[in-house]
Amino acid sequence: MGKRQSRLKTNNRGLHQHYGEGNMSSHGRQLLVHKDAVKYVCPAGGGVALSGGTDQTLVLYDWRNSKLLQRWIGHEREITKVTYSEPLDAAFSASRDKTARMWKTPEGGVGTSQQPVQTFIGHGLIVTGIAVDPGGKKLCTGSRDNFVHLWDIETGDCIKQSGKTRNLVTHVCWSCDQPSVAQTSEDKSVRIWDTRTLQESVVFPKKQYIQSHCDYSQDSNYILTSSNGFNGQGGEVTLWDVRACKLLNEYWGHEETVSACYFLPWKGSVDLIATSSVDGSVKIWEQQTCKCLLSFRFPGSGPLTSIAPYQDGSMVVSSTESGNHMLKLSRLDEGSIVREGIGSY
């Protein structure tokens, strides 16, 4: 054990030497905060994003001011998902090392830390979903081991766990105002779990393709899910009515797997949806009409992996080849939407 810990520390130092802080080098080259593919990004307050990636690090970044706030190093394999809890002012990460971890900025200020506040151990395979309840008391994780776990954040204890045959979890999302978690799976199902009992309360009709991601609407009446796809087959996004347990709309246009789908918190005359895809594109949709209002790419980005949407219309999009990209959406008088690129890190 001692030798293994020593080897990990040496590896972490080696990784750290290659990291940038998101600003420009003296040669005018962008220094990315991750040295490899970014697997997931989420909002962590206004103008701040939390991201994790193949480089096994978790980064808190103030992208409005181009400032690295914190880097956490400690996972033994790549980070698959991240989430942030405002009540706890804490970051959470899921990983291929079969664990989930909780992180906080250490006393003494920003920098690089290798010590998680809590480590949640219990899954048998890669952890692919992670969500914190709105009150910051409980954590939900899902894994390719077919299980969903509910954890007490303070103690790190597993409170409940439920498994379903072939339920290889791809994502979990906690409702804003209901004791429920939505979950997508490689078995092509979309489930809702009652977090009081961790029993299934709703199972929607199966789709044709693996369901890759999900998001709850602010009022918890609707769920958005995305599908795997390839060569123009599949890759649709689906809007579900939770109360009626039925499919409402489908959004078609991506050529490959849709990696993330979100109800945009940016309010206006119409409700909007944002999606990112392995095909390298981001699309903005009108929720009711299914009309694609805007589609764009980031040159050289490779597949896009996730979106962090903000209430002011800005968003951060993560990629496999060129870090995180920031942009701002604006509405024109005639109802169309345009985007302004802010930069990348």
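## Exercises on two pockets and a sheet

In this predicted model, the lining of the second largest pocket has seven nonpolar, ten polar and six charged residues.

**Exercise 1.** Describe the second largest pocket by its volume, its central residues and the strands that supply its lining.

*Solution.*
1. The volume is about 550 Å³.
2. Of the 23 lining residues, Lys39, Lys81, Thr128, Thr170 and Ser212 lie nearest the centre.
3. At least two lining residues come from each of E1, E5, E14, E18 and E28.

**Exercise 2.** Do the same for the largest pocket, and sort its lining by class.

*Solution.*
1. The space in this pocket is about 1400 Å³.
2. Its lining consists of 45 residues, and those nearest the centre are Pro43, Cys176, Asp215, Gln218 and Tyr262.
3. Strands that each give at least two residues to this lining include E1 (38-43), E5 (79-85), E14 (169-174), E18 (211-216) and E28 (304-309). E10 (127-132) and E24 (258-263) also each supply at least two.
4. By class, 28 lining residues are nonpolar, eleven are polar and six are charged.

**Exercise 3.** Place strand E1 in its sheet and find the bridge partner of Tyr40 in E2.

*Solution.*
1. The sheet is open and has five strands, in the order E1-E2-E3-E4-E8, with mixed pairing.
2. E1 is an edge strand, as is E8 (112-113), and each pairs on one side only.
3. E1 runs antiparallel to E2 (residues 48-53), and five bridges join the two strands.
4. Within E2, Gly52 is the bridge partner of Tyr40.

Technical notes:
Residues are numbered from 1 along each chain as its sequence is written. This is a predicted model: local features need pLDDT of at least 70, side-chain atom pairs count only at pLDDT 80 or more; totals for chains, interfaces and linings use all residues. Side-chain values use heavy atoms; hydrogens and water are left out. On a 1 Å grid over the protein atoms alone, a cavity is a set of points where a 1.4 Å probe fits but cannot get out, and a pocket is an open set with protein on both sides within 12 Å along at least five of seven lines; lining residues have an atom within 4 Å of a point. Grid points are joined across faces, edges and corners, and a volume is the space filled by probe spheres set on the points. Helices (H or I, at least four residues) and strands (E, at least two) are DSSP runs, numbered from the N terminus. Ala, Val, Leu, Ile, Met, Phe, Trp, Tyr, Cys and Pro count as nonpolar, Asp, Glu, Lys and Arg as charged, and the others, Gly among them, as polar. Two strands pair if DSSP finds at least two bridges between them.
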